[in-house]
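Me: I have a model open beside its sequence, and I would like to learn how to read its features one at a time. Could you take me through them?

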Amino acid sequence: MDNLPTDGTPIAADPLTRAVLEIDEYAAGMGWDQPARLFALVDTAQLRAQQPELAGQLGMDEESEDAKAASLTPVEQDELPPGTPLDEFLATIAWPDAVTGCALTVERQMLPPSAEASVPEELQHEGAEDRLARWVAEHPERQEVRMTVAVLRDGKREAAVRLREKDSKTEVLTGEGLVPGLAQALAATFED
């Protein structure tokens, strides 16, 4: 039972998975209907060595268990500019060398695969995104999800997906390929 925190949730072995789950839990604590949030992922040991004051403010001093267990620390960035499409905003980002990776948490509405076949033809072309979003929002089978996606400079990816109707940390689905489009957009922020 050494691998279980006090609340009984298993600890993820992979540092990127731990970071994604930490961000998901942070976002869950704020409730639903929140704006997208962007995070830089930094190496915890380097953060403590290079910026001890910031590490202390984040509760990452040498004595803390979090400092010993975590190898990536998420650092929330400024709010995304309102009204700017997410893909356009991500295209403007360039990370400094000290940033090992990045993560984004965003809420969306989606349809189950069985309902996707019923999307009207006129909503399936470029330029119809707003009308398609309204159609999905009104569909009786829609599901609200929070997606947390993270990528590292070396290309490693991880995601966590939480359904609003099953809003529990024990119901969070994780996996490398869950949200490939968003992972690709985040990976592009590290390209020269």
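The turns below go from the overall picture to single residues.

Me: Before I look at any detail, what are the mean pLDDT of the protein and the share of its residues that reach 70 or more?

Reply: This is a predicted model, and the pLDDT is the predictor's confidence in each residue. The mean pLDDT of the protein is 83, and 86% of its residues reach 70 or more. Over residues 1–10, however, the pLDDT stays under 50, and for that stretch the model has nine contacts beyond four places in sequence.

Me: How many helices and strands does the protein have, and in what order do they run?

Reply: There are eight helices and six strands, and from the N terminus on they follow the order α-β-α-α-α-β-α-β-α-α-β-β-β-α. Of the 192 residues, 38% count as buried, and among contacts between residues at least 6 apart in sequence, 67% join residues at least 24 apart.

Me: How should I read a single helix, taking H1 as the case, and which of its residues are buried?

Reply: One can begin with the length and then turn to the ends and the packing. At 1.5 Å a residue, the 15 residues of H1 should span 21 Å, and the end C-alpha atoms are 21 Å apart, which agrees. At the N-terminal end, Asp 14 acts as a cap, with a side-chain oxygen 3.0 Å from the backbone nitrogen of Leu 16, while Gly 31, which follows H1, has a positive phi near 85°. The buried residues of H1 are Leu 16, Thr 17, Ala 19, Val 20, Ile 23, Asp 24, Ala 27 and Ala 28, and they pack against E1, E2, E3, E4 and E5.

Me: How is a pair of aromatic rings described, and how many such pairs are counted here?

Reply: The description rests on the distance of the centres and the angle of the planes. The count here comes to two aromatic pairs. In one of them, the rings of Tyr 26 and Phe 39 have their centres 6.0 Å apart and their planes at 85°, and because planes over 60 degrees apart count as edge-to-face, that is the name for this pair. Tyr 26 lies in helix H1 and Phe 39 in strand E1, so the pair ties together parts that are 13 residues apart in sequence. Tyr 26 is partly exposed, with a relative accessible area of 37%, whereas Phe 39 is buried, at 4%.

Me: Why does the pair of Trp 95 and Phe 190 count as stacked?

Reply: Their ring centres are 6.2 Å apart and their planes are at 25°, so the pair is stacked, the cut-off being planes under 30 degrees apart. Trp 95 lies in the loop between helix H5 and strand E3, and Phe 190 in the segment after helix H8, so this pair ties together parts that are 95 residues apart in sequence. Both Trp 95 and Phe 190 are buried.

Me: Which residue lies over the face of Trp 32?

Reply: That residue is Arg 146, at 4.1 Å from the ring centre.

Me: Finally, is His 139 buried or exposed, and which residues does Arg 108 contact?

Reply: His 139, found in the loop between helix H7 and strand E4, is buried, with a relative accessible area of 10%. Not counting residues up to four places away in sequence, His 139 touches Leu 111, Ala 115 and Ser 118. Arg 108 lies in strand E3 and counts as partly exposed at 41% relative accessibility; leaving aside neighbours within four places in sequence, Arg 108 is in contact with Leu 86, Gln 143, Glu 144, Val 145 and Met 147.

Key: Residues are numbered from 1 along each chain as its sequence is written. This is a predicted model: local features need pLDDT of at least 70, side-chain atom pairs count only at pLDDT 80 or more; totals for chains, interfaces and linings use all residues. Side-chain values use heavy atoms; hydrogens and water are left out. Rings of Phe, Tyr and Trp (its six-membered ring) pair if their centres lie within 6.5 Å; planes under 30 degrees apart count as stacked, over 60 as edge-to-face and the rest as tilted. Helices (H or I, at least four residues) and strands (E, at least two) are DSSP runs, numbered from the N terminus. Buried means under 20% relative accessible area, exposed over 50%, partly exposed in between (1.4 Å probe, protein chains only). A charge sits over a ring if NZ of Lys or CZ of Arg is within 6 Å of the ring centre and within 35 degrees of the ring normal. Contact means heavy atoms within 4.5 Å. The expected span of a helix is 1.5 Å times one less than its number of residues. A polar contact is a pair of N or O atoms within 3.5 Å; within protein, one must be able to donate a hydrogen and the other to accept it, and residues adjacent in sequence count only if both atoms are side-chain atoms. pLDDT is the predictor's confidence in each residue, from 0 to 100.
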